[in-house]
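Here are a few notes from a colleague to read alongside the model. I hope they help you find your way around.

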Amino acid sequence: MSLTLDDLRVRTLGDCEYDSPFAEMLSTKRTSPHYVAEDDRVLVDDTVSVLLSHGVPIDRVPSFETAGPRKKIYFDPARTTVGIVTCGGLCPGLNDVIRGIVQELTEHYHVKRILGFRNGYQGLSKDSRHTTMELSLDRVRDINNAGGTILGSSRGAQDPEEMVDTLLIHEIDVLFVIGGDGSMRGATALTEVIDARKLDIAVVGVPKTIDNDLPYTDQSFGFQTAFARATDFIQSVFIESQAAENGVGIVKLMGRHSGFIACYAALSVNDADFVLIPEVPFGLEGDDGLLCRVERHLREHGQVVLVVAEGAGQHLLEASETKDKSGNAKLGDIGLFLKERITTKLSEVGLEPTVRYLDPSYAIRSVPANAYDSVYCVRLAHAAVHAGMAGRTQTVVVRWRRRFVHVPMALITGHRNEIDPDGDLWMSVLEATGQPANIGR
Ligand SMILES: Nc1ncnc2c1ncn2[C@@H]1O[C@H](COP(=O)(O)OP(=O)(O)OP(=O)(O)O)[C@@H](O)[C@H]1O
Ligand SMILES: O=P(O)(O)OC[C@H]1O[C@](O)(CO)[C@@H](O)[C@@H]1O
Ligand SMILES: [Mg+2]
């Protein structure tokens, strides 16, 4: 997709007139390999050929506004009330982000009132708008040691008019939404009502998804923790299948539309023989199909390990019209399906298999963030606070090519981050597993 500078323009509520608590520290800072000054920008693309293809001077090629503290800010901290909400599925690091936001607002900006809305957007609805949680430093002190979110989360639509009424009742000036693509669509709907009513409320997003399926972000927070946890299950089925006669290990991992968890976990353990992801369709039948390939592998090596993303091979299953409360399609169970088909096939050819099947499901996303993700979360939290206090709205903070930047919400929800079958990640998976580029297709 070709972006223009206009697509990348971040919205702001107005001129920044208050001195930032960081003004003095920033006065001598210039762009360096480790810092981007607030009037500088970060390039979207990073290859010579793509940069040249734009055919415009370097200051006209697509670039993001840099994140970080500003010398001047929009909101007067002494009169600012902040809200925080976490929505959608769980993800390691949610509590780290909440804590980081509260710490930054309290210790540096000296914001006095921070409210957590309970149970996702549901907590902003008319019915539950009074069940807020006061977020003080004491309240968030050790929350990062636990998985989940102290605020709770939910799926399901709420009326944006009602939600904005709730923001007004609590006199919220800045709302931080920590959530995935659906949450960012919800946040966009909020900003539309805020605009229509000409209100002065900033909405800043911190993108969250263990599936790593949001675009314009290096890797989403919690993803590394989630795939690291997933490796335990691959190792288990590897060991089980190694010890059994005709051992088959199958692990199904989360990933509705994108197979990042499956690929990274499989590469990390480097013992998987087949990795199946939604982005690369495969067939079961025929000499080139998955079933014969599994059989051959088993005959040759005595064991076989498959890692399958939950969204893989959906074309092989009966289509389902079922949706969850947020309207996300409920998928068929490819893991159980493969377990049955592989068991039947191997039994038919006389290789009575010992099949070990694991579906760790929620076990990989309910854990606390690892050290790496915790660092990432706290830095995203700081960036979000700086963006909000500077009056940025309809904006998310992300890390892009190792720099923290502001991205308009519309870009984050515009398309999905998926594994490119022609890209180098999938090539690495093919190299590590030895599986062919096409299975039964
Ligand atoms: N198009 C939309 N407009 C308004 N609100 C939406 C929209 N899509 C989703 N939402 C709301 O956003 C919240 C979270 O959405 P959803 O359950 O899809 O999770 P998510 O944020 O995409 O996170 P994840 O996919 O990582 O679990 C829900 O309350 C849902 O109703
Ligand atoms: O059961 P829940 O909470 O709807 O979550 C399941 C989904 O959430 C995700 O982890 C995305 O957050 C998907 O991979 C998974 O299908
Ligand atoms: Mg989603």
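**Notes on the fold**

1. One thing to keep in mind from the start: this is a predicted model. Among contacts in the protein chain between residues at least 6 apart in sequence, 78% join residues at least 24 apart.

2. On overall dimensions, the radius of gyration of the protein chain is 24 Å, which agrees with the value near 22 Å expected for a compact globule because the chain has 441 residues. Along the principal axes, the C-alpha atoms fill a box of roughly 75 × 55 × 35 Å.

3. Turning to burial and surface, 54% of the 441 residues count as buried. The protein chain exposes about 19,200 Å², and carbon and sulfur atoms supply 47% of that area.

4. You may want the charges for your setup. The protein chain carries 45 positive and 60 negative side chains, and the centres of these two sets lie 4 Å apart.

5. The secondary structure comes to 12 helices and 17 strands. Of the strands, 9 form an open sheet with mixed pairing, in the order E3-E4-E17-E16-E10-E9-E6-E7-E8. Its edge strands are E3 (41–43) and E8 (133–134), each of which pairs on one side only.

6. Which way do strands E16 and E17 run relative to each other, parallel or antiparallel? They run antiparallel, with 6 bridges joining E16 (residues 395–400) to E17 (residues 403–408). For a concrete pair to look up in the viewer, take Val398, whose bridge partner in E17 is Val405.

Terms used. Residues numbered from 1 in each chain as written. Chains lettered and ligands numbered in written order. Predicted model: local features only at pLDDT ≥ 70, side-chain atom pairs only at ≥ 80, totals over all residues. Heavy atoms only, no water. Helix = DSSP H or I, 4+ residues; strand = E, 2+ residues; numbered from the N terminus. Rg over C-alpha atoms; globule rule 2.2 N^0.38 Å. Buried < 20%, exposed > 50% of the residue type's maximum accessible area, 1.4 Å probe, protein only. Contact = heavy atoms within 4.5 Å. Areas by Shrake-Rupley, 256 points an atom, 1.4 Å probe, with all protein chains shown as cover. Lys, Arg positive; Asp, Glu negative; His and termini not counted. Charge placed at Lys NZ, Arg CZ, Asp CG, Glu CD. Pairing = 2+ DSSP bridges.
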